[in-house]
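Visitor: I have a model open and I'd like to learn how to read it. Can we go through it feature by feature?

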Amino acid sequence: MELIIEQVSKQYRTTWALRDLSLRCSPGMIGLVGPNGAGKTTLMRIIATLLQPTTGAVYWNGKDIQKHGSSLRQVLGYLPQDFGVYPEFTGRKFLLYLAAMKGLPSTLARQRVEELLELVNLKQVADRRLTTYSGGMKQRIGIAQALINDPELLIVDEPTAGLDPEERVRFRTLLASLTASRIILLSTHIVGDVEAVASRLVVLREGRILTDTTPQGLLTQANGKVWEITVDPATAQRLQMASRVSTMISKPEGVYLRLISASRPHEDARSAEPNLEEALLAINMQVPVL
């Protein structure tokens, strides 16, 4: 299976959300990373056939999805950023309803729903109304509905926004278990979401791809660009104005800073090993958007 995005642009009135974006995807998890407004949601809605590109095309197994959208939708699972539920439904009834909407035979639908409730660890609360679910439970029922048809292409848009740390880890672990024999596109601005589970990172800014690499590859690009230093408050303020600061902690001995800079920002600064968030900041600093 293969998803090809070819020279896709999307314009909203006078604003370009995407500009000449091309991407080739094969099975595995691909993290789409970038700040709010980078074009992640627009790209995912185009792939899900909910939006038409202004220019360019998307191909699923060689077929243009604008002409053959039904063949893609049959194998698509989609968890949008704003996932709505029917409050009067229980978790089980909600999934059974969506299985029927997908056209699954009733016997297969019941079997599939029970499997998914087990997978997302919601079997014990399956007969509770959705209005009683926590944010994390709603996200898990969201991923369950996206998996009803055992999709070959799974799209999840900002799935951990608003979740507490424990729920976020649980959700990431669930996504990681689904990567075999399917393409998963995970959109997020939370670096930790992709650091643990994605084998490939596509960094977007202002509708363009800054880099297409692996988490380790991005870290390698940031080597020599992250520095640490402990200074007095006045010096800390000057450094903060001159360089990008990723960490600032007041300590008894002074202010501890981690700085992102192409050159040594202060004579006492020591080179530090970058984390993925700092690597993203570094790549945004060094690559201009044309």
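Guide: Let's take a helix pair. Two packed helices are described by the angle between their axes and the distance between the axes. In this predicted model, the axes of α3 (residues 91-101) and α5 come within 10 Å and cross at roughly 25°.

Visitor: Which way do α3 and α5 run relative to each other, roughly parallel or roughly antiparallel?

Guide: Angles under 35 degrees count as roughly parallel, so α3 and α5 are roughly parallel to each other. Their crossing is right-handed.

Visitor: Which residues of α3 and α5 meet?

Guide: On the α3 side you'll find Gly-91, Phe-94, Leu-95 and Leu-98, and they meet Ile-141, Ala-144 and Gln-145 of α5.

Visitor: Now for the inside. How do I read a nonpolar core?

Guide: The general idea is that in soluble globular proteins, nonpolar side chains tend to be buried together. Here the largest nonpolar core has 53 residues. Those with the most contacts inside it include Leu-95 and Ile-141, and both of these also take part in the meeting of α3 and α5. Leu-122, Ile-143, Leu-154, Val-156 and Leu-175 are on that most-contacts list too.

Visitor: What is Val-156 in contact with, leaving aside its neighbours within four places in sequence?

Guide: Val-156 is in contact with Met-44, Leu-79, Ile-143, Leu-175, Ile-184, Leu-185, Leu-186 and Ser-187. Apart from the largest core lies another one, of 29 residues, with Leu-18, Val-58, Tyr-78 and Leu-185 among them.

Visitor: Met-44 is in that contact list. Which residues of its helix, α1, are buried?

Guide: Lys-40, Thr-42, Leu-43, Met-44, Ile-46 and Ile-47 are buried. That makes six of the eight residues of α1 (residues 40-47), so the helix is largely enclosed by the rest of the structure. Just after α1, Thr-49 takes a positive phi of about 65°.

Visitor: Where else should I look for a positive phi?

Guide: Try two loops. Asn-61, in the loop between β4 (55-60) and β5 (63-64), has phi near 50°, a positive value in a residue other than glycine. Asn-61 is partly exposed, with a relative accessible area of 43%. Glu-206 also has a phi near 50°, and is found in the loop between β9 and β10. At 53% relative accessibility, Glu-206 counts as exposed, because the cut-off for exposed is over 50%.

Visitor: On to charges. How many salt bridges are there?

Guide: The count comes to 15. Let's begin with one inside a helix. An α-helix has 3.6 residues a turn, so residues three or four places apart point the same way. Arg-170 and Glu-166 are four residues apart in α6 (residues 165-176), which means they are separated by about one helical turn. They form a salt bridge, with the closest N and O atoms 3.2 Å apart. Glu-166 counts as exposed at 57% relative accessibility, while Arg-170, at 31%, counts as partly exposed.

Visitor: Which strands hold Asp-212 and Arg-200?

Guide: Their side chains meet in a salt bridge (2.8 Å, N to O). Asp-212 is in β10 (residues 208-213) and Arg-200 is in β9 (residues 200-205), so the pair, 12 residues apart, links distant parts of the chain. Asp-212 is partly exposed, with a relative accessible area of 39%, whereas Arg-200 counts as buried at 19%.

Visitor: Which residues do salt bridges with shared partners join into one network?

Guide: Arg-92, Glu-114, Glu-118, Lys-123 and Asp-127. Within that network, the side chains of Lys-123 and Glu-114 meet at 3.7 Å, N to O. Lys-123 is partly exposed at 37% relative accessible area, and Glu-114 is partly exposed at 25%.

Visitor: One last residue: where is Asn-121?

Guide: Asn-121 is in the loop between α4 (106-119) and α5 (135-146). With 56% relative accessibility, Asn-121 counts as exposed. Its C-alpha atom is separated by 8.1 Å from that of Arg-140, which is 19 residues apart from Asn-121 along the chain.

Key
Residues numbered from 1 in each chain as written. Predicted model: local features only at pLDDT ≥ 70, side-chain atom pairs only at ≥ 80, totals over all residues. Heavy atoms only, no water. Buried < 20%, exposed > 50% of the residue type's maximum accessible area, 1.4 Å probe, protein only. Core = buried A, V, L, I, M, F, W, Y, C linked by side-chain atoms within 4.5 Å. Contact = heavy atoms within 4.5 Å. Salt bridge = Lys/Arg side-chain N within 4 Å of Asp/Glu carboxyl O. Axes fitted to C-alpha atoms, helices over the stretch in contact; angles between N-to-C directions. Parallel < 35°, antiparallel > 145°, perpendicular 65-115°, else oblique. Left-handed = near helix turned anticlockwise from the far one by under 90°.
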